[in-house]
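User: I am new to this structure and would like a close look at a single part of it. Please take the positions annotated for binding and the elements around them, and explain each term as you go.

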Amino acid sequence: MDVQQTRFSAQEIAALARRIDRPIVLVGMMGVGKSSVGKRLATLLDCPFVDADEEIERSAQMSIPEIFQTYGEAYFRDGERRVISRLIDSGMERCVIATGGGAFCNEVTRQLILDKAITVWLDSEVDTLVERTARKDNRPLLQGGDPKDILSRLRDDRRPHYSLAPIHVMSHSGPHVQTINKVLQGISQWL
């Protein structure tokens, strides 16, 4: 379902939060705003926020670029799957989890998220992704090439996977409050 803009009052957000009985998992490309939107969404819903990439780094005691460089992407994806599974099965009925950009492309991880969470695909135009990812230099998949070309290819390759998420929200270059309102609307409609 594609979501339109709606404004929520504090009372409506509190009522929606009471209806949520499982984790909210944000999926989508790197730079789309999963972490920044996720933190604000968790605050509004008065629940914990967890960044899966930070949990992976904590578990591995290495940064994601170090994991990629030392062990490769396949090793990273396996660890990512295990961490996301642990987070979803942790018993936190209501929390917000931001996943890494490639997590939802793993069939086992994707099915786990779809079965046990409220799945929200945050999407953006490539130019927005290029602008946002340029703010950090810790993106292993963007090393060694033109970021716009790499992001365009990754977005095209991953779109079939992301499109399986029941809630689809476009994140534009404006304030995240607009995206958060669309996420709340999507969750409300999904519930």
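Which residues does the UniProt annotation "binding site" (unreviewed entry) cover?

Analyst: This is a predicted model, in which local features need pLDDT of at least 70 and side-chain atom pairs count only at pLDDT 80 or more, while totals for chains, interfaces and linings use all residues. Residues are numbered from 1 along each chain as its sequence is written, and side-chain values use heavy atoms, with hydrogens and water left out.

According to the unreviewed UniProt entry, the "binding site" annotation covers G31, V32, G33, K34, S35, S36 and R139, and under the label "binding site" the unreviewed entry also lists D53, R77, G101 and R158. UniProt positions are given here in the numbering used for this model, feature names are shortened, and annotations may be inferred rather than shown by experiment.

K34, one of the annotated residues, lies in helix α2, which spans residues 34-45; helices (H or I, at least four residues) and strands (E, at least two) are DSSP runs, numbered from the N terminus. With a relative accessibility of 7%, K34 counts as buried, where buried means under 20% relative accessible area, exposed over 50%, and partly exposed in between (1.4 Å probe, protein chains only). Its side chain reaches the backbone oxygen of G28 at 2.9 Å, a polar contact, that is, a pair of N or O atoms within 3.5 Å, where within protein one must be able to donate a hydrogen and the other to accept it, and residues adjacent in sequence count only if both atoms are side-chain atoms. Not counting residues up to four places away in sequence, K34 touches L26, V27, G28, M29, F49, A98, T99, G100, G101 and L122, contact meaning heavy atoms within 4.5 Å.

G101, listed by UniProt as well, has its place in the loop between β3 and α6 (107-116) and counts as buried at 12% relative accessibility. Leaving out residues up to four places away in sequence, G101 touches G28, M29, M30, K34, R158 and Y162; R158 is itself among the listed positions. Another listed residue, R77, lies in helix α5 and is buried, with a relative accessible area of 15%.

The strand β3 belongs to an open sheet of five strands in the order β2-β3-β1-β4-β5, with parallel pairing. β2 and β5 (167-170) stand at the edges, each with a single partner strand, so one side of each is left without a neighbour in the sheet. Two strands pair if DSSP finds at least two bridges between them, and β2 and β3 pair in the parallel sense over three bridges. In β3, A98 is the bridge partner of D51.

D51 also leads to helix α3, since D51 caps the N-terminal end of that helix, with a side-chain oxygen 2.8 Å from the backbone nitrogen of D53, a residue that UniProt lists. The buried residues of α3 (residues 52-60) are A52, E55 and I56. Seen down the axis of α3, these buried residues fall within an arc of 105 degrees, so they line one face of the helix; the arc is that of the directions from the helix axis to the C-beta atoms. They pack against β2 (49-51), α4 (64-71), α5 (73-88) and β3 (96-98).
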